[in-house]
Amino acid sequence: MKSFLIWFFAFFFTAGVAVYQRMTGPTYPISGKVMMDQRVIKYKLIRTYDGTDGALIKIPAADTAIKGEIRFRRFSSHDEWSTAPMNREGNDLTFHLPQLDPAGKVMYHIALVKDNQRQELNPEPTILRYKGYVPGIVLIPHIFFIFLAMLFSSVTGLEAFFKGKNTYIYTWCTVITLLIGGLIFGPLVQKFSFNEYWTGWPFGYDLTDNKSLIAFIFWVVALIFQLFNRSRKIWAVIASIVMLIIFLIPHSLLGSQIDYTKEQKIETGK
């Protein structure tokens, strides 16, 4: 029963962390709604794009009397703001932002106008980042093994805390899945996204790469202690706490970006 409860709690805890990671990262679309002429207009403003052309911004607005206006400029640049009308395509207002290289970012504001009414959808600029396309054969295993590692990390920490018998085995499972997801497939995702395999320590300050490295180091230390003495489980608890803290940091925070003020690429994270 204790083992069942540990796995049950760890599974739903990991699922909750996965949802949190998805919804708090800087690449998750900004959703909202506004009222215009007694009609509700729901919208999503995208914040990441992996196509080969300019990112498509689309706002549903069936009322053809509603017009859209967009202001944009490159992020981290000395550019002046550009203003352009959005295009009418059936029930949608659309606009293609300028195409940028992977890690390039663009800021944009959108306003809807009808007669004398004007609604700003995002008073604070939305920042969109371009990245390369990551094929599913790389992205899916990366995501799968990373969250499998989080699951094993939670189970191992609870096993160690409640003096379970399988702490050593689950520590091995955590190390292996974290190695595969974070240190093998992670760099492959980075390469497809931003044309670099590794920009963490000691070559750079990539936050996502460094998070994977720190978690892996703590779990290797936990494994080494148990190799010499199976009863020394405290490091498994510590490593699981470190893993939790790392996963609570929003994914893609401090992402890779091009500094257009210097016209050179600065790598800071995925």
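# Strand 4, its sheet and selected residues

P60 has D92 as its bridge partner in strand 8. This pair belongs to a predicted model, in which the protein chain carries five helices and 13 strands. The chain comprises 270 residues, and 45% of them count as buried. The points below begin with the chain as a whole, then turn to strand pairing and to individual residues.

**The chain as a whole**

- The C-alpha trace of the protein chain spans about 75 × 45 × 30 Å along its principal axes.
- Among contacts with a separation of 6 or more in the protein chain, 67% are made by residues 24 or more positions apart.
- About 14500 Å² of the protein chain is accessible surface, and carbon and sulfur atoms account for 65% of that area.
- The protein chain holds 28 positive and 20 negative charges, and the mean positions of the two sets lie 12 Å apart.

**The open sheet 4-8-7**

- An open sheet is formed by three strands in the order 4-8-7, with antiparallel pairing.
- Strand 4 (56-60) and strand 7 (87-89) occupy the edges; each has a single partner strand, so one side of each lacks a neighbour in the sheet.
- From one strand to the next, the twist averages 35°.
- In general, the strands of a sheet are paired through backbone hydrogen bonds, in either a parallel or an antiparallel manner.
- Strand 4 and strand 8 (residues 92-96) are joined over five bridges in the antiparallel sense.
- Within this pairing, K58 is placed opposite T94 of strand 8, and P60 is matched with D92.

**The two faces of strand 4**

- Side chains alternate along strand 4, with I57 and I59 directed to one face, where they are buried.
- L56, K58 and P60 of strand 4 point to the other face and are not buried.

**T94 in strand 8**

- T94 is located in strand 8 and stands opposite K58.
- Is T94 buried or exposed? Its relative accessibility is 1%, and because buried means under 20%, T94 counts as buried.
- Neighbours within four places in sequence aside, T94 is in contact with L56, I57 and K58, and also with M86, N87 and E89.
- T94 and I59 are 35 residues apart along the chain, and their C-alpha atoms are separated by 6.4 Å.

**Strand 5 and its partners**

- Strand 5 (67-74) and strand 6 (82-85) pair in the antiparallel sense over four bridges.
- In that pairing, E69 stands opposite P85 of strand 6.
- Strand 5 also pairs with strand 9 in the antiparallel sense, over eight bridges.
- G68 faces L112 of strand 9 as its opposite residue.

**Loop residues with positive phi**

- S76 is not a glycine, yet it has a positive phi of about 55°.
- The loop that holds S76 runs between strand 5 and strand 6.
- D115, likewise not a glycine, has a positive phi of about 55°.
- D115 is placed in the loop between strand 9 (105-114) and strand 10 (117-120).
- With a relative accessibility of 68%, D115 counts as exposed, because the cut-off for that class is over 50%.

**D63 in the loop after strand 4**

- D63 belongs to the loop between strand 4 and strand 5.
- Relative accessibility is 15% for D63, so this loop residue counts as buried.
- Which residues does D63 touch, not counting those up to four places away in sequence? They are R39, R88 and K114.

**I249 in the loop after helix 5**

- Where is I249 found? This residue sits in the loop between helix 5 (234-248) and strand 12 (257-259).
- I249 has a relative accessible area of 26%, and it is therefore partly exposed.
- Residues up to four places away in sequence not counted, I249 touches Q21, L207 and K211.
- I249 and L148 are 101 residues apart along the chain, with 18 Å separating their C-alpha atoms.

Key:
Residues numbered from 1 in each chain as written. Predicted model: local features only at pLDDT ≥ 70, side-chain atom pairs only at ≥ 80, totals over all residues. Heavy atoms only, no water. Buried < 20%, exposed > 50% of the residue type's maximum accessible area, 1.4 Å probe, protein only. Contact = heavy atoms within 4.5 Å. Areas by Shrake-Rupley, 256 points an atom, 1.4 Å probe, with all protein chains shown as cover. Lys, Arg positive; Asp, Glu negative; His and termini not counted. Charge placed at Lys NZ, Arg CZ, Asp CG, Glu CD. Pairing = 2+ DSSP bridges. Axes fitted to C-alpha atoms, helices over the stretch in contact; angles between N-to-C directions.
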